[in-house]
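Got the viewer open? Keep the selection box handy, and we'll walk through this one stop by stop.

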Amino acid sequence: MRQTTASKILEAINQHLVTIDGVQVKDKETSVKQELPSEQFITDLEFYLESGIFADTLDFEYKAVSTGVLQVQAGYMSSACDKCIDVKLCLCNGVDMQQVDKSLVRDTFT
C-alpha cells in the first residue's frame, strides 16, 4: 500500500484519471458493511477536505489490485475513526497506471 491524501484522490477523480466503481464502509466495532453511492463519497470527501485542521487526520492508502483497478483504503489506522472505507477506482480510457500513481502518491516531505 502507498500513502496518499484525500485531496489527491479527489483531484484524480476531478481530472478524470479515475472513476469510482464502488464504495464500502465498515463499522470497526460491529463489522457491519454498507455500500455508498459514488456521489455521496465525493460529497463527503469534499466536506472532509473543508474541515480545516482536521482535513489530514485520516490515513489514506492505495494499491493496484488488477490491471486498471485501484483499491483505496481510509480510516484503518486512525483510532479516532470508527469506520473503515474501501473505494474501488478504475482508470479512465487513455490513462495508464503510471499517470495515476504520479497523481496519487503522497509527497514524502509534506
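Start by selecting α2, which lies across β2, β3, β4 and β6. Line it up against β2 and you'll find the helix running at about 80 degrees to that strand. One thing to keep in mind as you go: this is a predicted model.

Now switch to α1. This helix lies across β1, β2, β4 and β5, and its direction is at about 140 degrees to β2.

Next, hide the helices and look at the strands. What order do the six strands of the open sheet follow? Read across, they go β1-β4-β5-β6-β2-β3, with antiparallel pairing. β1 and β3 (33-36) are the edge strands, each pairing on one side only. From one strand to the next, the twist averages 30 degrees.

Zoom in on β4 and β5. These two make an antiparallel pair over six bridges. To get your bearings there, pick K63 and look across to β5: Q71 stands opposite.

Time for the interior. Select V18, F41, F60, L70, V87 and V100: these have the most contacts inside the largest nonpolar core, a set of 29 residues. Which elements give two or more residues to this core? They are α1 (6-14), β2 (18-27), α2 (38-49), β4 (60-66), β5 (69-74), β6 (83-91) and α3 (97-104). The largest share, five residues, comes from α1.

Stay with L70 for a moment and show its surroundings. Leaving aside residues up to four places away in sequence, L70 touches V18, Y62, K63, A64, V65, V87, K88, L89, L91, M97, V100 and L104.

Now hop over to T4, in strand β1 (residues 2-4). Is T4 buried or exposed? T4 counts as buried because its relative accessibility is 2%, and the cut-off for buried is under 20%. Check the side chain, too: a polar atom of T4 sits 2.4 Å from the backbone oxygen of L104. Again setting aside residues up to four places away in sequence, the contacts of T4 are I9, F60, E61, Y62, L104 and R106.

Last stop: Q15, in the loop between α1 and β2. With 46% relative accessibility, Q15 counts as partly exposed, since that class falls between the 20% and 50% cut-offs. Before you close the session, draw a distance from the C-alpha atom of Q15 to that of C92. The two residues are 77 residues apart along the chain, and their C-alpha atoms are separated by 10.0 Å.

Notes
Residues are numbered from 1 along each chain as its sequence is written. This is a predicted model: local features need pLDDT of at least 70, side-chain atom pairs count only at pLDDT 80 or more; totals for chains, interfaces and linings use all residues. Side-chain values use heavy atoms; hydrogens and water are left out. Helices (H or I, at least four residues) and strands (E, at least two) are DSSP runs, numbered from the N terminus. Buried means under 20% relative accessible area, exposed over 50%, partly exposed in between (1.4 Å probe, protein chains only). A polar contact is a pair of N or O atoms within 3.5 Å; within protein, one must be able to donate a hydrogen and the other to accept it, and residues adjacent in sequence count only if both atoms are side-chain atoms. Contact means heavy atoms within 4.5 Å. A nonpolar core is a set of buried Ala, Val, Leu, Ile, Met, Phe, Trp, Tyr and Cys residues joined through side-chain atoms within 4.5 Å. Two strands pair if DSSP finds at least two bridges between them. Axes are lines fitted to C-alpha atoms, for helices over the stretch in contact, and angles run from 0 to 180 degrees between N-to-C directions.
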